Amino acid sequence: MLWSVILLVFFSPILSAQEEASPEEAEPVDTYLSLLATYTSNDTVVLLASLYIRHGRERIDLQNAQIIFTASGEKDQVEVGRAFTDSTGSAHIKVPLLNPALPADAEGMITYTADFEGTDNYLSASEQFISKPARLEVSFYEEDSVRYIRVNAQQHAGDAMEPITGETVFLFVPTLFRPLPIGEVSLDEEGTGSIEFPMSLIGDSLGNITIVARIDENDRFGYVRGENTCSWAIPKHLFSQDKPTRELWTPVAPIWMIITLLTLLAGVWGHYIYAVTELIKIKKSASKEKSEEKDWSNYS
Amino acid sequence: MANGKDQALLTEFAPQIERTSLIQFIWIFFLVGVIAAGFYALYVQISEGHIVTGMRDNVVWGIYIVNFIFFMGVSYAGALISGTLHLFRAEWRKPIIRMAEFITIIALLIGPCYILLCIGRLDRLPYLVLFGRIQSPITWDVIAISTDIFGCLIFLYLAILRDIAAIRDFQGIRLPNWKRKLYRILALGYVGTPEQQKRLHRATDVMAAMVIAIAVIVYSVLAWIFSVTLQPGWHSTIFGPYFVIAAVFSGCGVMIVVMWLFRKIYRLEQFITRKHFVNVGILMLILAALFGYFTFSDYLTKWYGSERNDELLINLLFDEYYWLFILSNYVGVLMPMIVVGFPKLRTINNITISAIVVILALWVNRYLIVVPTLESPYLPIQDSRPAWLFYNSTWVEWVLTAAGVAFFALAMTVGSKFIPIINVSEMQDAPPPEDEEILV
């Protein structure tokens, strides 16, 4: 009985494997496509598409898939580019907004489409992103010895530009992992907003720093980004310390910590040395006994 | 050196050292096979990277750390049992103290290996010494474990010195020349003169006390690696003593299982009696109560405070990990208390089965401390892949776990082939065992 159970346990995977579908019968897998359009300050739009599939709870990015990007308005549709997805499943292209102008509807909204045509193993997918072209310009000025960051936002209106009013623009400084938020501005009727330049920002060794302005997830404009560099930040080298303080987070430990550790180690290793010394003395006493026995035997 | 009683005992244990039976050879080959599989898994991990494990950006620690904590805990229990019983001169400990000493040092050598398996860039290990910060609990742990290894090695050597000398002198045992030479070198010329005995006893007493203190410090430092972080589930003031209690608890379980196995394999029924199982079992019962108390206190505090992150963790434990939580904190606590608490249930087999349950429960307890806590992070990581939010262990990790257990068993087996598993030199002074009914 026991052996039959053991045999059943060992051989059941082999038996059940025969019931699995052969590769030829596998159905094409559903794919998912996301698309973002970000406008930059030099009148280009960056289209970023991500293609992936789902396997249970897991998301698997698809590499080397061709994505076709198009832009359309009321009547026209033009292909603006193609790109292959990279190892993270992302494909992106940069498209100039002007010369020639991208087709738009009556309100100036452009419909961007990303298409994946599919293969034998993966179903096709398509995603749209609708937004109106806009431009963010960042500039700097000084007034009454106070330094300011000015943001100017404009939207395309035919061949002309009109100010964007009433929207909120967020300001960041790019850092190693995530952008550091430094403030936000509300755009006035001229499409302009200003905040005081934070004087505690640290730049490079010359004090250069890049300020990025962003409109994110806007209903009309989607994602808009502008940036500029100034040299108003604190130069990095001013912060080197000749003598760091003793803290938990500095290269030099607090004195009490060093003393405690050394005391504990000295106490423990002192006992070890005592034990080893006793062992050495045991060996020495054995040698002494042996030589005394030899002397006696020679004497006798 | 070997007197009459020693010789009688050595004659009895000589086959254990002289011969290896076919079954023992098969057992050793099986263990070597498991270890070889572990080396293959290690090769896969090194060549393909840690992507072959379940560790990712969110859950950065998994089974390797659990094994490290588990083996270190077992080692500490061995140190406590051998050190404390040595200092208290408890007569009943003599047949089992050698096993405790072996458990201490073998587990202590295996545990830190899992840290090395967990580290992705071993070439940066020297930086720990070159650029180490005294303020870091990791640095404390490295120093503490290194110190503990030296101390336990010295203690083990002191404990087996008399037996080595006895085997060196015993002519009634057939040994290859290399083995006899090895015993001669290791015996350090010990012949049992009054001066030598005095020195040995003093050194052993000192090291027994130090080993207990060091083991407490080592395991507390290990606990502080977790508790000094702000991570909910780890940031607890009672983690130090909680870990120490859990360590001795799991070590008692391992001690009982090892006693049962050696008793069966080498037919030591007249030396390791029901009394030994009951005594270690009572220690296990007390520790079960303490462990249950600390666990209850820890989780009650978290639950009652109703802090959001603590609530997330507790919901996760009672949702995804419900049965593991029950095994670890209910079954693992109540079973030894019931089995040892009721005299009618106090048989050798029952106590051993409850010890096995305790070992499993405590391993799971360490798993529940490490993994669910990392799955409910203090600062949520942005844009993390959903697949990486939860830990899924892989075959590489399990095979390496099995290899560690196999190495433990192999080292115990090989160790018993060099040194008698019963402390012969101390047994010569032991009073005759009580006329206990042997139940198994």
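This is a friendly dialogue on reading a predicted model with chains A and B.

Reader: Where do I begin with chain A? How many helices and strands are there?

Author: Start with a tally of elements, keeping in mind that the model is predicted. Chain A has two helices and 16 strands. Of its 300 residues, 23% are buried. Among contacts in chain A with a separation of 6 or more, 55% link residues 24 or more positions apart.

Reader: How do I read a sheet? What is the strand order in the open sheet of four strands?

Author: Walk across the sheet from one strand to its partner. Here the order is β5-β4-β7-β8 in chain A, and the pairing is antiparallel. From one strand to the next, the twist averages 20°.

Reader: Which strands stand at the edges?

Author: Those are β5 and β8 (125-131) of chain A. Each has a single partner strand, so one side of each is left without a neighbour in the sheet.

Reader: What about a pair inside that order? How many bridges join β4(A) to β7?

Author: Six bridges join β4(A) to strand β7, residues 110-116 of chain A, and the two run antiparallel. As an example, find Phe69(A): its bridge partner in β7(A) is Ala114(A). When you look at side chains, remember that in a regular strand they alternate between the two faces of the sheet.

Reader: And what comes after β4? Where does Gly73(A) lie?

Author: Gly73(A) sits in the loop between β4 (66-72) and β5 (77-84) of chain A.

Reader: Why does Gly73(A) count as partly exposed?

Author: We count C-beta neighbours inside 10 Å: 20 or more would make a residue buried, and 12 or fewer exposed. Gly73(A) has 18, so it counts as partly exposed. Leaving aside residues up to four places away in sequence, Gly73(A) touches Pro103(A), Ala104(A), Asp105(A) and Ile110(A). Take Asp105(A): it is 32 residues from Gly73(A) in sequence, yet the C-alpha atoms of the two are 4.5 Å apart.

Reader: How do I read a hairpin? Which residue in the hairpin of β10(A) and β11(A) takes a positive phi?

Author: Look at both the strands and the turn. Strand β10 (residues 146-157) and strand β11 (residues 160-163) of chain A run antiparallel and are joined by four bridges. Within this pair, Gln154(A) stands opposite Pro163(A) in β11(A). Two residues lie between the strands, and Gly158(A) has a positive phi near 70°.

Reader: What is a core, and which residues touch the most other members in the largest one?

Author: The general idea is that in soluble globular proteins, nonpolar side chains tend to be buried together. The largest nonpolar core here has 130 residues, and Phe249(B), Met255(B) and Met284(B) touch the most other members. Helix α9 (residues 239-265) of chain B gives the most to this core, with 17 residues. Domain 1 (1-128 + 135-229 + 395-429) and domain 2 (231-254 + 264-377) of chain B both give residues, so the core lies between them. Apart from it lies another core, of 43 residues, including Leu33(A) and Ile149(A).

Reader: Last one: how many residues of chain A are in contact with chain B?

Author: For an interface, list who touches whom. Here 23 residues of chain A are in contact with 26 residues of chain B. On the chain A side, β3 (58-61) and α2 (255-299) are the elements that give two or more residues. The most come from α2(A), with 18 residues. By class, this side of chain A has 13 nonpolar, three polar and seven charged residues.

Methods: Residues numbered from 1 in each chain as written. Chains lettered and ligands numbered in written order. Predicted model: local features only at pLDDT ≥ 70, side-chain atom pairs only at ≥ 80, totals over all residues. Contact = placed C-beta atoms within 7 Å. Core = buried A, V, L, I, M, F, W, Y, C linked by C-beta atoms within 7 Å. Domains from an automatic or database assignment. Pairing = 2+ DSSP bridges. Nonpolar A, V, L, I, M, F, W, Y, C, P; charged D, E, K, R; others polar. Axes fitted to C-alpha atoms, helices over the stretch in contact; angles between N-to-C directions.
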